[in-house]
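Hello,

Here is the structure we spoke about. Please open it alongside these notes.

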Amino acid sequence: MATASPLSAHDTARLWHTLSPAQTLESRAASAAGLSAAEAQLRLDQHGPNRLPEGKRRSALARFFIHFHNLLIYVLLAAALITALLGHWVDTAVIMGVVLLNAVIGFIQEGKAEDALQAIRLMLSPQAMVLRDGRRQSLAADQLVPGDIVVLQAGDKVPADLRLLQVKNLQIQEAVLTGESMAVPKQVAAVAADALLGDRRNMAYSGTLVSAGHGLGVVVATGVDTEIGHISTLVARVETLTTPLIAQMDRFARWLTLAVLALAAAVFVFGVTLREFGAAEMFMTVVGLAVAAIPEGLPAILTVTLAIGVQRMARRHAIIRRLPAVETLGSVSIICSDKTGTLTRNEMTVRSLALAAETLEVGGTGYDPHGDFALAGVSLDPDRHPLLQQTLRAACLCNDAALEHRESGWCVHGDPMEGALLVAGAKAGLDLTAEAQNLPRTDLIPFDSEHKYMATLHHSHAGEALILLKGAPERVLQLCTQQHNGEQLEPLNVNDWHARIDTLARQGQRVLALAYKQAPTTQQTLEFADVADGMVLLGLFGLIDPPRDEAIAAVAQCQAAGMQVKMITGDHAVTAAAIAAQLKLTHTDSVITGHDLDQMDDQTLRRRVADVDVYARVSPEHKLRLVKLLQERGAVVAMTGDGVNDAPALKRADVGIAMGHKGTEAAKEAAEMVITDDNFASIARAVQEGRTVYTNLKKSIIFLLPVNGGESLSIIAAVLLGFTLPITPLQILWVNMVSSVALAMALAFEPAEPDVMRQPPRPAREPLLSGFLIWRILLVSVLFAAGVFGIFSWSQLHGSTLEESRTYAVNTLVAMEVFYLFSVRYLRAPSLTLRGLLGTRAVLIAVGLVLALQLIFTYAPFMERLFDTRPVDFVHGLEIIMLGVLLLFILELEKLVRRRHTARRTPEPEN
Ligand code: ATP
């Protein structure tokens, strides 16, 4: 922008609110019908995509140097300095080399983990509904250009800065910009130039959330030119790669480091004073001890394990928005799921049409608009049935979906249930376009799950006005006073209709009612009061929406995994119960409805929630109450949601799950996880992955800690007994930073253990290191120390040189690590199975790599100089491997004894 211009780009942008809609359209060279695709492309080239620059990442150099900011590295750098002062140049070079290698590996791993998470975040890029070439279409929000006409609906995130052209009860929550969490009602009229951002009622700003109503606006600014684009700090937010478990381990590692340093100081004093070792030698010993005892590779490995787990979940349709959820997923004990589209296929078909005098069956399958209408099995001609025509017409007009014929078949844009109504209309020969032209829509009350209906106002060309209403049958019945019997109006027979609703619902059909009313010709807008009474009922539609096969399997899987599945739906109680029975939920005999919920106090409800699995005609506030009560009973609750009003319940749930397709942006923002295919089976898989990630994190920990434990025990024992060190500090550095890291990395790729979904959920408060794990860590530490010390002393006694004995000791440690890796892959189950021994690709690669590295370490002449190693002969090589095998056998034996013991202790099932 030229600096000579009286107004900067930002200032110009700030004046949109002073213009009228027409002026805004003119100045953005736009029209209410939207831009043409060609024009939009031109503007996209000119303005660039509607994206904010990525959050500023730390520079590569900063990210590299952060890996030196670590207590252990400081210790090592000090050791390097002191060895240099002592003239031990080789030691200095090795220490520096390892420190550098550690930073490089950390840098690369962390970079990869961050990239993976970034890629996953991009999978959630929002969509916008725009008018282009006169047609409504859904578009990636980053394709928006100034001049585009955008449609806003409750739950949307405003995709760019918009000057509003039409509003209908539009309310927008602008907390990101103004800090004000109350939603602001919007208007079309211009406001004063000096109005503050929060007072510009005719603007909708990028990044804010539509909390109610709907509207239409013209894009005035995109990308960095938007108001949010000016607040760079918001975007620079980078999520840290952590979960409570990892944070806990970080703290543990820091404390351990301090404790080890104190211990090292004590050992130093002990060695110099009581054992009369030389200070220089003792110094290297305690450096060795520090290196041995501190699990330096652990934090990086945990981070990578987490990132890999999250990536694996994304491939299976579960996108984690907040990392701690990965862990929480593993302890979920109750899953509360929506019905429509999550447990069912959301491929609706109208099966029944109940009119005042008769109930017709509707034939045909899917969205193909061919099928007949039959009465008691006899086909009838829809053209001769005016009430049928009128009811279908109403269903097609009070409707926002569109039916399209593509090469691949018929498809629906919009709500599948509304699509099914259009299909039924087409089956009766209605020309959907002509109908819409004959009775154009003047105004609308959009559907929301609070009211459970939608209404439209239409005007014929002759000027007659007509209100159409469609919604949940009990709601619609409340608003009706009369019914149409095909010839005339008559008083509403409420009982008869309720009985018919019940009959349809019992067959698992979703029931919808249609009503109408004549309105004064002058009426141009539609308010709730207009439909509050005096409506005339036309009929009921019964739609089938069968359960997803994979949801039935997933429900069974969740139940086997000790979780309860509860259905919380907006649908009718009887329909919900019928579908719940097909899904084989545990308790389907009783249903609690939203109405019941309103009557029940917390105490009663808290008692009942345990054995009721179906909640019907529930509105979003009820969901919040249910989550709270379930949590009060100690459950860890996962809850699905899609609407804007579901946000509080999603936030309150331990794991809020939003639907990727159906879900509004508001729900996604509030959720911890987004399921991209809206399928319940993906939730079950995410739980499985969550459990696996947690186990893998735990496995990495109990793999690495005993290595440190074994090494430290060997050093302390040597000092206490006045022996030479069986492994030198440099060799320990090699094992910890090269071999252990390579092997532990394989655990990040571990697949789920076969029985992962046959175990009950992990108690939320379970400590990370249970008694069992602490025992295992101690046992393995002692076994490692025994192996190292054993081979060292044995070979010393049998005439090997010190260097040779140490080389045997290092190789024994690594061999034991390799076999321990096979053991640790199954914490309790046997590892000596075909599956266990074949490992995974990652395990085999890691073992191959470590083998190659150990061969170089042992036989390469330059390694001999650096690490003081000597070639290992065949017999000793065999002994080393046998020690590894022995460790595996001992641990297998321990597992066997433990399994027997547990089996004996497990009480007989109660009868
Ligand atoms: P779930 O909560 O399991 O997704 P649901 O789709 O039935 O189930 P809501 O979307 O809250 O839940 O809908 C509640 C009821 O409102 C539905 O059972 C139906 O009777 C009615 N309804 C749903 N969509 C529309 C619509 N587009 N127009 C009119 N009525 C609707």
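**Glu665 and its contacts**

Leaving aside neighbours within four places in sequence, Glu665 is in contact with Pro126, Gln127, Gly155, Asp156, Lys157 and Leu209. Keep in mind that this is a predicted model. Glu665 is found in helix α25, residues 665-670. Is Glu665 buried or exposed? Its relative accessible area is 12%. The cut-off for buried is under 20%, so Glu665 counts as buried.

**The eight-stranded sheet**

Next, the sheet. It is open and has eight strands, with mixed pairing. The order is β8-β28-β27-β26-β9-β23-β25-β24. Which strands stand at the edges? They are β8 (318-320) and β24 (591-593). Each has a single partner strand, so one side of each is left without a neighbour in the sheet. On average, neighbouring strands of this sheet are turned by 20 degrees against each other, direction ignored.

Look at one pair inside that order. Strand β9 (residues 334-337) pairs with strand β26 (residues 637-641) in the parallel sense. Three bridges join the two. Ile334 stands opposite Val637 in β26.

A helix lies across this part of the sheet. Helix α23, residues 620-632, lies across β9, β23 (564-568), β25 (614-616) and β26. Against β26, helix α23 runs at about 170 degrees.

**The ligand**

How many residues are around the ligand? There are 21. Lys339, Thr340, Arg510, Thr569 and Gly570 come nearest.

Three polar approaches are worth a look:

- Lys339: a polar backbone atom is 2.6 Å from an oxygen atom of the ligand.
- Glu418: a polar side-chain atom lies 3.0 Å from a nitrogen atom of the ligand.
- Arg617: a polar side-chain atom lies 3.1 Å from an oxygen atom of the ligand.

So Lys339 appears twice here: among the residues that come nearest to the ligand, and through its backbone atom at 2.6 Å from a ligand oxygen.

**Helix α5**

Last, helix α5, residues 71-85. What span should its 15 residues have? At 1.5 Å a residue, they should span 21 Å. The end C-alpha atoms of α5 are 21 Å apart, which agrees. The buried residues of α5 are Leu72, Ile73, Val75, Leu76, Ala79, Ala80, Thr83 and Ala84. Just after α5, Gly87 takes a positive phi of about 85 degrees.

Best wishes

Conventions. Residues numbered from 1 in each chain as written. Predicted model: local features only at pLDDT ≥ 70, side-chain atom pairs only at ≥ 80, totals over all residues. Heavy atoms only, no water. Pairing = 2+ DSSP bridges. Helix = DSSP H or I, 4+ residues; strand = E, 2+ residues; numbered from the N terminus. Axes fitted to C-alpha atoms, helices over the stretch in contact; angles between N-to-C directions. Contact = heavy atoms within 4.5 Å. Expected span 1.5 Å × (residues − 1). Buried < 20%, exposed > 50% of the residue type's maximum accessible area, 1.4 Å probe, protein only. Near = heavy atom within 4 Å. Polar contact = N/O pair within 3.5 Å; in protein donor to acceptor, adjacent residues only side chain to side chain.
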